[in-house]
Amino acid sequence: MKNRQRMLSLIGIVGAGALALGLTACSTPDEGGAGGGGEGDLITVGFVAVGPEGAWREANEQNIQDTFTEDAGFELKYAPATNLDQKSQIDAFTSFVDEGVDVILLSATEASGWEDSLKRAQEAEIPVILLDRGIEPDDTSLYVTRIAPDNVEVAKAVGEWANTTFPDGGNYIVLEGPAGVGVVNERNKGFEQGLGDSSLVKVAAQTANWSAEEGKSVTETLLKANSNNIQFIFAQNDEMGLGAVQAVQEAGLTPGVDIKIATIDGTKSAMQALADGLLSFVHEYNPLFGETALDVVKKTLAGETVDSYIIVPSQAFDSPEAAQAVLADRKF
Ligand code: AHR
């Protein structure tokens with residue numbers, strides 16, 4: 001495995017200018033005998049994951065585990081964070097580097113604080129692929145690529161929908177993901193861009209930590225604080241939006257009529273709520289990018305170069321009919 005790593009990492013570190021030629025001799029995982037090593041060697045993949053954090057995360061991490069299987073020539077070492085704690089992720093990352101895995105997949109619970117770890121992986125000549133979450137500062141020389149839907153464009157579509165849906169303005173609140181998570185900043189940036197010159201007025205933005213419970217309690221508090229004079233809620237993920245639906249109903253108001261709620265993720269429960277008219281707009285944030293990650297790992301091992309950001313296509317849903325059309329065979 002070592003010579004493959006050395007040749008591999010040459011690719012990983014320089015990012016571009018791959019020694020494609022030099023590596024074509026090496027077998028890719030499913031070409032009868034994994035890795036550059038002997039017959040049957042599995043490619044070892046260390047997955048520094050987020051762990052339990054709602055329906056989207058579960059779908060995403062299960063999809064990765066279902067993709068990097070032994071049958072496909074891989075040994076996937078799945079390391080979910082302990083209570084979303086970054087230190088547990090850095091510890092797992094460090095042990096993967098010390099162990100000399102062939103590739104590291106990283107979904108960071110925090111955007112900042114990864115420079116040292118990524119540099120260690122480079123010194124150890126192990127390519128790192130970011131899944132979903134970006135890092136800040138975003139130094140693309142420290143990793144092979146990031147695979148994720150485009151958070152800015154996804155949230156921009158929510159802002160544009162709100163702008164056209166509320167031509168006469170109104171008051172709105174934002175339920176944000178946890179502070180320090182890269183996608184939260186990207187979604188705020190995109191949403192603001194999409195709102196453009198809207199006359200909607202932001203009366204509050206508060207984290208509800210991706211959770212339905214907190215989405216409900218934060219919405220309850222903000223409705224009371226504003227005498228229910230809120231017309232629109234932008235929830236940065238489905239769970240928080242579904243919690244807001246409960247809070248609106250318990251305030252004696254009608255979701256979709258008195259207050260319109262938009263979310264991001266597109267999980268089955270949110271699509272059902274859109275079909276039922278409880279949510280008014282859902283932008284998918286497609287979690288099923290295992291095959292894309294597999295393709296990137298293969299290309300990287302084969303000495304090919306890949307773009308530094310690979311965008312996973314995701315769709316917007318703005319009506320009960322649109323939701324109904326995909327509900328039956330929704331995979332997440
Ligand atoms: O990073 C993506 C976000 O993380 C999803 O939108 C949210 O549901 C998840 O927990």
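Colleague: Which helices each supply at least two residues of the lining of the largest cavity?

Modeller: Helix 3 (55-67) and helix 7 (182-195) do so, a helix being a DSSP run of H or I with at least four residues, numbered from the N terminus. This is a predicted model in which local features need pLDDT of at least 70 and side-chain atom pairs count only at pLDDT 80 or more, whereas totals for chains, interfaces and linings use all residues. Residues are numbered from 1 along each chain as its sequence is written, and side-chain values use heavy atoms, with hydrogens and water left out.

Colleague: What makes this space a cavity?

Modeller: On a 1 Å grid over the protein atoms alone, a cavity is a set of points where a 1.4 Å probe fits but cannot get out, and lining residues have an atom within 4 Å of a point. Three cavities of 30 Å³ or more are counted by this rule, and the largest holds about 120 Å³, a volume being the space filled by probe spheres set on the grid points, which are joined across faces, edges and corners. The largest cavity is lined by 14 residues, of which E53, W56, R57, W210 and D265 are the closest to its centre.

Colleague: Why is the largest cavity said to lie between domain 1 and domain 2?

Modeller: Domain 1 (2-148 + 287-301) and domain 2 (151-285 + 317-327) both give residues to its lining, so the largest cavity lies between them; the domain bounds come from an automatic or database domain assignment.

Methods: On a 1 Å grid over the protein atoms alone, a cavity is a set of points where a 1.4 Å probe fits but cannot get out, and a pocket is an open set with protein on both sides within 12 Å along at least five of seven lines; lining residues have an atom within 4 Å of a point.
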